[in-house]
Amino acid sequence: RETMAREKVTRARALCMRGYLLTVCLSVWMDSAHGIGVQLIPQYPMVRQSVTLSVTGVTGTIRQFTWYKGSSTDDNNQIFNVIPETNSVTNGPQYFSRASHFPNGSLQISGLVPTDQGNYTVFIQTIEGTAQHTVLLTVYEPVTSSVISTNNKEPQENGKVTLTCSTNNAEKILWSKNGVSLPPGLILSADNKTLTFSSVSRSDTGQYRCEASNAVSKIISDPYTLTVNYGPENLRITGSQQVTSGNPISLECSADSVPAPTYQWKLNWTVLEFQNNKLNIQQATSENAGNYTCIVTNSVTKLSREISVYVTVNDNQCQSGNSAAFTAAIICGCILGTVLIICATFLLYKRYVLPLKGQSGVGGEDPSRIYDNIPNTAVSQPEKEEGPYMGLEYSTENTYSDLKQ
Ligand SMILES: *[C@@H]1O[C@H](CO)[C@@H](O)[C@H](O)[C@H]1NC(C)=O
Ligand SMILES: *[C@@H]1O[C@H](CO)[C@@H](O)[C@H](O)[C@H]1NC(C)=O
Ligand SMILES: *[C@@H]1O[C@H](CO)[C@@H](O)[C@H](O)[C@H]1NC(C)=O
Ligand SMILES: *[C@@H]1O[C@H](CO)[C@@H](O)[C@H](O)[C@H]1NC(C)=O
C-alpha cells in the first residue's frame, strides 16, 4: 500500500512537470513546502540510553508511516510499517526488538548500541499527501579516561619530547599547561592527541593536562609533570678565602642544575669527606691551606663540572687582638727589627766590646738585657716580606742610639 503511495507521488510529480492536474500538484508541493522533520530526543543520544526520532511538521491525520534503516525507502531497509488507526504493524527485514513506534509517527530505540548509528528515513502518508525525511542518528559514547604518556621520561634540554593523550571517543582534545592554555610555538597533531616539543627547554617545565571531550562527556587527565633536566652550570663558591689560623674555613658551593646535583670536594688533589655542598673545617691550621675544588655532578645529564678557590690560612702569631693586616705587618716588622737590632748589637759587641773586655774587664748590664729579649723574639719567624724593610728603617736609629749609649 505504501509502495503504491510512493508511486503515486512520483507519478504526480511527473504530471506536475507537464502542467497537468493542478490539484495534485498543489498537494504535493504543499507537503514538500511544509515538509516534515525529525528531531532527536535527546539531541546527543548515548549508548545504553534511549532515543526518540520524533517526527515534526506533520499536518493532518496520519494514515500510515514507515521507518527505514538507511537513507532510501528501499523495501529491504524497512523496519516497520504502521497504520495508527487500526494499530496494525508490519515488521520489515530491518526490524529489531529495541525499536518501537508512537502513533504520532515517531520511532523510539532503546538500549542504544554503537551499530545503531546511521541514517534513518521515515515515510509518512497523511490524508493530505505523503512526505519523507532522512535523519542521521549519531550514537555517542562517553570519552574514556584520558592519560598522558611520554616518549622521554627524563628529557634533557634541547631534546625532543612528545606527550600523548590516550583517550577514546573524544571529538575534541585541549591541552593546558599549569592551568592555562598552551603557550604558542608547540606542535599539536591533527587530532590534538600528541603534543611535540621539538627542542625542549627548561621553561617548558610544568604541569600538563589534556581535556578530552565530545558532545556528551568530558574528562580531564591527571597532570603530567614535565621536568626538563639541565646543568650543572653557573657554578659558584661562597665563603672567605682568607682565614686566620684557629678560625673556621666555611665554603658553600652551588650551581644551577635539575635535578639537584651531587657534590664532592677536593683539597689540592685529595678528595675530602664532605658529601654535600657545604664544607666546614672548625679550626683551620696552615695544613688546611690550598686549592679547594668543588665537583658538581648531575646524575641525569651525566655532566660534571668543577670550580676552585685558593684558601690561605694566615698565621695569627704576630697578630694581637684587633689586627688589621696593616697593623699586623707593622707589629711583625717591629719584632723583626728588634731581632735585627739584637743581631747587630751582638755583632758589634763581639767586634768592639769583647776585644776591650780583656783589658778593661767591663761586664756591663747591656748584654744581659739583650739576651733577655731573645727568648721573646726568637720564636717569630720571617713572615711577610714587607715586614723587614719597614722594621729595618725604624730600627736603624735604635741601633745607632744603642751604640751611642
Ligand atoms: C510523539 O510521541 C512521543 C511519545 O509520546 C513524544 O515523545 C514525542 O515528542 C511526540 N512527537 C511530537 C512531534 O509530538
Ligand atoms: C547518511 O546519509 C547521508 C546523505 O544521504 C550520507 O552522506 C551519509 O554517508 C549517510 N551516513 C551513514 C552513516 O550512512
Ligand atoms: C586542537 O586544539 C586547538 C587549541 O590548541 C583547538 O582550537 C582545536 O579545536 C583542537 N582541535 C581538536 C580536534 O581537538
Ligand atoms: C696545596 O698546594 C699548595 C700549593 O699549591 C700548598 O701550598 C698547600 O700546602 C697544599 N695543601 C695541602 C693540604 O697539601
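An oxygen atom of ligand 3 sits 2.8 Å from a polar backbone atom of isoleucine 173. Keep in mind that this is a predicted model. Asparagine 192 also reaches ligand 3, with a polar side-chain atom 2.3 Å from one of the ligand's oxygen atoms. Taken alone, ligand 3 exposes 370 Å², and the protein buries 51% of that.

Who else is around ligand 3? The surrounding residues are Glu171, Lys172, Ile173, Leu174, Leu188 and Asn192. Sorted by class, that shell comes out as 3 nonpolar, 1 polar and 2 charged residues. Strand β12 (residues 172-177) supplies the largest share of the shell, 3 residues.

Now over to ligand 1, which has Ser54, Val55, Phe102, Asn104 and Ser106 around it. There are no charged residues in this shell, just 2 nonpolar and 3 polar ones. Which side chains make polar contacts here? On one hand, an N or O atom in the side chain of serine 54 lies 2.9 Å from a nitrogen atom of ligand 1. On the other, asparagine 104 brings a polar side-chain atom to 2.4 Å from an oxygen atom of ligand 1. The protein buries 51% of the 360 Å² that ligand 1 exposes when taken alone.

Ligand 2 has Ser71, Gly118 and Asn119 around it. How much of ligand 2 does the protein cover? On its own, ligand 2 has 360 Å² of accessible area, and the protein covers 29% of that.

Here are the ligand areas side by side:

| Ligand | Accessible area alone | Share covered by the protein |
|---|---|---|
| Ligand 1 | 360 Å² | 51% |
| Ligand 2 | 360 Å² | 29% |
| Ligand 3 | 370 Å² | 51% |

On to the strands. As a rule, strands of a sheet pair through backbone hydrogen bonds, either parallel or antiparallel. Strand β10 (residues 147-150) pairs with strand β11 (residues 161-166) in the antiparallel sense, over 4 bridges. Within that pairing, isoleucine 148 stands opposite cysteine 165 of β11, and valine 147 has serine 166 of β11 as its bridge partner.

Which β10 side chains are buried? The side chains alternate along the strand: Ile148 and Thr150 point to one face and are buried, while Val147 and Ser149 point to the other face and are not. Putting this together for two neighbours in sequence, Ile148 is buried and faces cysteine 165 across the pairing, whereas Val147 is not buried and has serine 166 as its partner.

Strand β11 also pairs with strand β15 (residues 194-197), again through 4 bridges and running antiparallel. Here valine 161 has phenylalanine 197 in β15 as its bridge partner.

Another sheet is built from 3 strands in the order β19-β21-β24; this sheet is open and its pairing is antiparallel. Why do β19 and β24 each have a side without a neighbour in the sheet? β19 (230-238) and β24 (278-281) stand at the edges with a single partner strand each, so one side of each is left without a neighbour there. On average, neighbouring strands of this sheet are turned by 15° against each other, direction ignored. Strand β21 (residues 249-258) is joined to β24 by 4 bridges in the antiparallel sense. As an example of how residues line up across that pair, serine 250 stands opposite asparagine 280 in β24.

Technical notes
Residues numbered from 1 in each chain as written. Chains lettered and ligands numbered in written order. Predicted model: local features only at pLDDT ≥ 70, side-chain atom pairs only at ≥ 80, totals over all residues. Heavy atoms only, no water. Near = heavy atom within 4 Å. Polar contact = N/O pair within 3.5 Å; in protein donor to acceptor, adjacent residues only side chain to side chain. Areas by Shrake-Rupley, 256 points an atom, 1.4 Å probe, with all protein chains shown as cover. Nonpolar A, V, L, I, M, F, W, Y, C, P; charged D, E, K, R; others polar. Pairing = 2+ DSSP bridges. Axes fitted to C-alpha atoms, helices over the stretch in contact; angles between N-to-C directions. Buried < 20%, exposed > 50% of the residue type's maximum accessible area, 1.4 Å probe, protein only.
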